[in-house]
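Biologist: I would like to learn how to read backbone angles and helix packing, taking one feature at a time. Could we go through an example together?

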Amino acid sequence: MEETRELAVVSEAEVDNDFLIENEMAITFHVRKIADYVSDFNFAHDQLIDLREVDVSSQRQRDEVWDSVELAAASAWKLAQTFLPETRGNKNSKKNTFIRRRGEQLRALFAITIKDKKVIGSFRNRIVHIDEDFDEWFVDSSNDRQVVWRKLANGISPLSSNSYGVAQWYDYGWGVLHSFGNRFSIRAFKNGISLIEERLPVVEKILDDLIPNRTQVLFEGPY
């Protein structure tokens, strides 16, 4: 059974000013995207945190809840991947060497260590790969089967078994997603993401002081 604690904890990694200066545009780009991911997660978290029965009384409202759960999962994964990126192919290639190094320097700038990236990835994957999870449960299940596709509950956890499958069950009383025996606490992720959010203005000031006339990264522009 998967269970989250935090996305990040405080670290004391060392910042390499020469690397930051040489690769300022890339670092600025990723810092701004980190801010976007934090904003997306916070939006989803705020939509989910104070739900009441009246808030899930219509199909449209229930769909919005599930959209928020998916956004929280995707945003947490994008943050983890930015800070602790995976590489493909030749690990010693110029690109992969840079990717690892910029991830290290972003962690140093934000003074964090990414925790439980495997769990964060599983949170996102349980939503993206729900078809594969169902197939695995189905093959291993008994003949007298029941399956819950999606359910919203207030302070109630499901008991999954080889005859009772729970694909997606969101307990909005505790902020926990259940999926085929796994549980993921969105509120626990919020603890780590708050560390990142609090550090954002500090990181921007460090870079501004270190690099005058920083690159302007435009995420929207003329078409």
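Biologist: Where does N213 lie relative to α7 (186-210)?

Modeller: Bear in mind that this is a predicted model. In it, N213 lies in the segment after α7, the helix that covers 186-210.

Biologist: What is the phi of N213, and what kind of value is that?

Modeller: The sign of the angle is read together with the residue type: phi of N213 is near 55 degrees, a positive value in a residue other than glycine. F180 belongs in this discussion too, with a phi near 45 degrees that is likewise positive in a residue other than glycine, and its place is in the loop between β5 (176-179) and β6 (182-185).

Biologist: Is F180 buried or exposed, and is N213 buried or exposed?

Modeller: Here one compares relative accessibility with the cut-offs, where buried means under 20% and exposed over 50%. F180 has 17% relative accessibility and therefore counts as buried, whereas N213 has 78% and so counts as exposed.

Biologist: Turning to the helices, at what angle do α5 and α6 pack?

Modeller: Helix α5 (residues 117-128) packs against helix α6 (residues 130-140) at an angle of about 80 degrees, and their axes are 5 Å apart. Because angles of 65 to 115 degrees count as roughly perpendicular, α5 is described as roughly perpendicular to α6.

Biologist: Which residues make the contact?

Modeller: From α5 the contact is made by N125, R126, I127 and V128, and from α6 by I130, D131 and D133. Sorted by class, the contact of α5 with α6 has 3 nonpolar, 1 polar and 3 charged residues.

Note on methods: Residues numbered from 1 in each chain as written. Predicted model: local features only at pLDDT ≥ 70, side-chain atom pairs only at ≥ 80, totals over all residues. Heavy atoms only, no water. Helix = DSSP H or I, 4+ residues; strand = E, 2+ residues; numbered from the N terminus. Buried < 20%, exposed > 50% of the residue type's maximum accessible area, 1.4 Å probe, protein only. Axes fitted to C-alpha atoms, helices over the stretch in contact; angles between N-to-C directions. Parallel < 35°, antiparallel > 145°, perpendicular 65-115°, else oblique. Contact = heavy atoms within 4.5 Å. Nonpolar A, V, L, I, M, F, W, Y, C, P; charged D, E, K, R; others polar.
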